[in-house]
Structure formats: structure tokens, C-alpha cells
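Please open the model in a viewer and keep the selection panel at hand. The tour below proceeds by selections, each followed by an account of what is found there.

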Amino acid sequence: MPTPPPSPPRSLITRLGIPPTLAWGYLGLLLFMIGDGVESGYLSPYLIDEGISQPRVALLFTVYGAAAAVAAWLSGVLSDLWGPRRVMWTGLGIWGVFQLLFLVLAIPMTSYPLMMLGYGLRGLGYPLFAYGFLVWIASVAPRARLGTAMGWFWFAFTGGLPTLGSLVASGLIPRIGAYATLWSALALVTAGGLIALLLVRDERGAKQPRGAGEGPLATLLGSVTVLWRNPRVGAGSLARVINTASQFGFFVIMPIHFTKTVGFSLTEWLHLLSAMFATNIFANLLFGVVGDRFGWRRTIAWCGGAGCTVSTLLLFYVPDAAGDNFPLALAAAALYGATLAGYVPLSALVPSLEPRHKGQALAALNLGAGASTFVGPAIVAAFVGPLGVTGVVWIFAGMHAVSTVLALFLRLPDVPDDAGTAEKVSASPGAAPASASAPA
């Protein structure tokens with residue numbers, strides 16, 4: 001029997017689990033999210049210094065989050081209707097147009113209505129771009145490497161927003177000022193978007209044929225009705241809302257608290273923010289492995305829910321008690337960033353809770369991810385006045401405690417133990433997992 005010829009050596013990119021035809025897309029996504037994350041650590045105090053009140057800033061962030069939630073929900077349906085490439089072009093165009101409105105008119109005129117229009121509607125942009133690429137990955141990556149390919153997606157996503165974005169801001173603000181730094185964000189987003197869209201040639205970015213009953217209207221409606229058709233999917237999506245609601249709420253109040261109350265400089269706060277999410281990036285990979293071994297449900301409950309309950313309080317009380325002690329604040333920030341990643345197994349668990357409609361369950365999970373960008377600032381807007389920063393922090397800690405209870409009820413159907421292998425609970429080839437940091 002003749003010996004079969006040896007397989008050609010795989011490229012480094014393939015061995016890393018990145019689909020070779022999409023490699024430029026990952027780089028483009030990283031640059032896009034760096035640009036999107038430039039403002040995350042300082043826009044709130046900057047607008048307050050420009051004369052916008054804190055409740056109005058919180059409301060502005062709330063509108064932005066609401067737009068992001070809608071776009072996150074619709075990204076899968078629009079990718080099915082138009083193809084991921086066109087959805088990404090739409091996201092890039094929306095981001096650029098409304099950022100120009102924000103920078104050219106709203107800020108120079110200190111016009112709050114124009115800020116609402118420019119910055120609020122810009123929130124539609126990044127989910128369409130990023131989650132459109134997520135769908136593209138799902139259609140290209142082989143099933144055996146889909147989890148790894150998605151891991152690299154979230155590595156690029158959270159590496160840019162807010163980790164490297166905050167570092168860029170901390171380096172540029174002392175040199176060119178806060179306003180000009182916002183223009184650099186536009187340059188980075190444009191560069192990243194064009195790299196991804198012009199250099200990725202994979203044909204599966206175009207519209208693909210759909211099967212019977214898989215039209216966009218059916219998918220759109222099913223992604224909502226699944227929340228009560230399968231209460232466990234609803235509970236998982238609620239846990240996903242809680243996952244990063246505190247993160248987006250902290251973007252509003254923590255820059256002010258750390259710089260005005262605790263006594264850190266803006267640069268020190270940006271370094272803390274970068275360290276927080278640098279830890280989160282690598283913790284995403286760690287808790288993916290822990291979830292496979294310890295059980296997805298238990299990892300979400302104890303490492304994510306219970307862990308964030310503790311770390312949310314420590315992030316506030318350690319600097320509040322120790323003052324501008326950077327090493328202690330750094331430790332608290334790193335712990336918070338790490339425990340946020342404890343929710344990572346939701347990306348595999350929730351679609352598996354609805355095995356016949358994994359795509360709809362995924363859309364519901366993405367809705368939860370997008371809603372967190374709205375819920376966090378909304379809680380700040382509603383409660384920072386009557387309860388102060390301390391009260392808001394306790395609300396977020398209580399929400400994480402609730403997610404611990406929710407996660408304990410997310411048992412997989414027809415599987416006696418949710419700590420099984422990926423083969424037991426793997427998502428369908430078209431189902432793209434949604435990470436916990438997202439950021440998403």
C-alpha cells in the first residue's frame with residue numbers, strides 16, 4: 001500500500017487558529033476598536049469640563065448605549081440580508097459621518113442636541129462593523145477551530161476597546177490635547193476599517209443563500225420570542241446584560257471619581273483602565289479553559305457573578321480608603337478586569353440551551369451584550385444623583401450577585417453535566433459565540 005504524500009506544512013496563522021483569508025480583518029478590527037476606545041477613559045470628564053453637567057453626560061452615554069444595543073441585535077439579521085461585508089461598510093460609514101458631526105459642530109458649538117445626534121447615533125457604528133465581522137468568521141472558520149477563531153476576535157476587540165485605546169489617549173492627550181486626540185480616533189477607525197474591507201478578499205463576506213424559514217424577518221422575530229419561549233435563554237441573556245453593565249457605567253463615573261475624589265491624574269486613571277482590560281484580555285482565554293474543565297455554568301456563576309460582586313466593591317473601596325496609592329488601585333483594577341472574563345462561557349452555553357434555534361439564541365445573547373452598553377449608563381443617570389457613586393457601585397455589585405443565581409439555573413438540556421467537552425455542546429457552524437468583554 002503506497003504511503004500517502006505528506007500534508008503541506010500549515011502556516012503560522014493557520015496553526016494559531018486564525019482563518020488565513022480573514023487575517024487582515026483581525027488587524028483591521030484591532031485598529032478600528034483602538035480608535036473606538038480612545039475616548040472611553042476621558043470623554044466623560046472632558047465634556048464636563050466643557051460645561052456639560054454630569055447627568056447630561058450620563059444621558060448622552062445612555063443614548064449611545066441604546067444605539068449600540070439596537071445595532072448589536074440587528075447585525076446578524078443584516079448580515080444574513082446583505083452579507084457581512086456590506087454590514088461592515090455600513091458600520092464604518094456611520095461611525096465616520098457621525099464622528100465628524102460630533103467633532104466639527106457639536107463640540108466647538110457646545111451644542112448638547114448636536115452631541116446627542118452625533119455621538120448618540122455614532123453608537124450604531126461599531127457593533128455593525130465588529131459583529132458583522134463576527135458573522136463572517138463564523139461562516140469561514142472550520143467547526144473544529146471556530147472557538148479559537150472567535151477567541152482571536154475577542155482578543156482584538158477587547159485589545160482595542162478600551163485597552164490600547166486608553167493607552168493611545170494617555171500618550172496623545174499631554175502632547176496634542178483632548179480635542180485633537182478625538183480626531184486621532186477617527187483616523188484609527190478609518191484606517192482599520194479600510195484595511196479589513198479592502199484587503200480581505202474572502203467571497204463569503206457577500207450575501208449567502210438562505211434556507212426555507214430563515215428569512216431576516218423570521219430571524220428578527222425569533223431572536224426576541226426565544227427570550228420567553230425558552231426562559232433559560234432569557235436568563236442567560238440577562239446575565240450577559242449584567243456582565244458588562246457595570247463596565248459601561250464605570251466609564252461614566254469612575255474617571256470623575258478617580259481624578260476628582262481619589263486624587264489620581266487623568267494619565268494615571270488611563271493607565272489603570274489599560275491595566276484593567278489588559279488583564280481581561282488574557283483572562284478571557286484562561287476562563288475559556290477553566291470553563292471546559294470546571295463546567296461552564298459553574299464558571300459563570302462563581303468566577304463571573306460572585307467574582308464581580310467582590311471585585312466591583314473592591315474597585316471602589318480600595319482607592320477610596322487608600323487614596324492615590326497606585327499599586328493598590330492597580331491590583332483592584334486588575335481583579336475587576338479578570339472577573340469580568342468569568343462570564344466568557346456564556347458564549348457557548350446560551351446557544352446550546354436552544355439546540356434547535358442556536359442562531360436565535362445567539363441573537364438574543366448579542367441583544368444582551370448591546371443592552372449592557374445602555375443599562376450601565378442608564379443606572380448611573382438614574383441613581384448617581386440621589387445615591388451618589390457609592391450607591392451606584394452597590395447597585396452594580398447587587399446585579400452581579402443576581403447573575404450568580406441566574407447562572408446556577410442554566411443547565412443544558414439532555415446533558416447530565418455541563419462540564420463536558422466542546423463536542424457535547426458545540427455550536428452550529430453558523431453560530432458565532434459572543435464573548436463577555438466586548439467587550440463586548
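Begin by selecting Ser-184, which counts as buried because its relative accessibility is 16%, under the 20% limit for that class. The model is a predicted one. Ser-184 belongs to helix H9, which covers residues 178-199. Add Val-38 to the selection and draw the C-alpha to C-alpha distance: the two residues are 146 places apart in sequence, yet 8.4 Å apart in space.

**The whole chain**

Now display the full protein as a cartoon. Its secondary structure consists of 17 helices and zero strands. Of its 440 residues, 56% count as buried. Among contacts between residues at least 6 apart in sequence, 85% join residues at least 24 apart.

**Helix H2 and its aromatic partner**

Select helix H2, residues 23-37, in which Ala-23 is found. Is Ala-23 buried or partly exposed? Ala-23 counts as partly exposed, since its relative accessibility is 22%. Setting aside neighbours within four places in sequence, Ala-23 is in contact with Ile-13 and Ile-18. The C-alpha atoms of Ala-23 and Ile-13 are 7.6 Å apart, with their positions ten residues apart along the chain.

Next, turn to the aromatic rings, of which 24 pairs are counted in the model. Select Phe-32 and Phe-129: their ring centres are 4.1 Å apart and their planes lie at 5°, so this pair is stacked. Phe-32 is in helix H2 and Phe-129 in helix H7 (residues 125-140), so that the pair links parts of the chain that are 97 residues apart. Phe-32 is buried, at 0% relative accessibility. Phe-129 is buried as well, with a relative accessible area of 1%.

**Helix H11**

Move to another aromatic pair, Phe-248 with Phe-251, and compare its geometry. This pair is edge-to-face, with 5.7 Å from centre to centre and 85° between the planes. Both Phe-248 and Phe-251 are buried. The two residues are three places apart in helix H11 and are therefore separated by about one helical turn. In general, an α-helix has 3.6 residues a turn, so residues three or four places apart point the same way.

Extend the selection to the whole of helix H11. The helix is mostly covered, with 27 of its 32 residues buried. Where does H11 bend? The bend, of about 45°, is at Phe-251, and a proline, Pro-255, follows within four residues. Just after H11 comes Gly-263, whose phi is positive, near 115°.

**The largest cavity**

Keep Phe-248 and Phe-251 selected and turn on the cavity display. Three cavities of 30 Å³ or more are counted, and the largest has a volume of about 150 Å³. Which residues lie nearest the centre of the largest cavity? They are Phe-61, Tyr-64, Tyr-119, Phe-248 and Phe-251, out of a lining of 13 residues. Helix H4 (54-82), helix H11 (231-262) and helix H16 (358-408) are the elements that each give two or more residues to this lining. H4 gives the most, with three residues. By residue class, the lining of the largest cavity divides into eight nonpolar, three polar and two charged.

From Phe-61, Tyr-64 and Tyr-119, widen the view to the aromatic cluster that includes these three residues. Its other members are Tyr-26, Phe-102, Tyr-126, Tyr-131, Phe-133, Trp-136, Phe-153 and Phe-157.

**The loop between H5 and H6**

Select Thr-110, in the loop between helix H5 (84-109) and helix H6 (112-122). Thr-110 has a positive phi of about 50° although it is not a glycine. Most residues other than glycine have a negative phi. Thr-110 counts as partly exposed because its relative accessibility is 36%.

**Last stop: Thr-299**

Finally, select Thr-299 in helix H13, residues 296-322. Thr-299 is buried, with a relative accessible area of 0%. Which residues are in contact with Thr-299, leaving aside its neighbours within four places in sequence? They are Phe-287, Val-290, Gly-291, Phe-294, Gly-304, Gly-342 and Pro-345.

Definitions and conventions:
Residues are numbered from 1 along each chain as its sequence is written. This is a predicted model: local features need pLDDT of at least 70, side-chain atom pairs count only at pLDDT 80 or more; totals for chains, interfaces and linings use all residues. Side-chain values use heavy atoms; hydrogens and water are left out. Buried means under 20% relative accessible area, exposed over 50%, partly exposed in between (1.4 Å probe, protein chains only). Contact means heavy atoms within 4.5 Å. On a 1 Å grid over the protein atoms alone, a cavity is a set of points where a 1.4 Å probe fits but cannot get out, and a pocket is an open set with protein on both sides within 12 Å along at least five of seven lines; lining residues have an atom within 4 Å of a point. Grid points are joined across faces, edges and corners, and a volume is the space filled by probe spheres set on the points. Ala, Val, Leu, Ile, Met, Phe, Trp, Tyr, Cys and Pro count as nonpolar, Asp, Glu, Lys and Arg as charged, and the others, Gly among them, as polar. The bend at a residue is the angle between axes fitted to the seven residues ending there and the seven starting there. Rings of Phe, Tyr and Trp (its six-membered ring) pair if their centres lie within 6.5 Å; planes under 30 degrees apart count as stacked, over 60 as edge-to-face and the rest as tilted.
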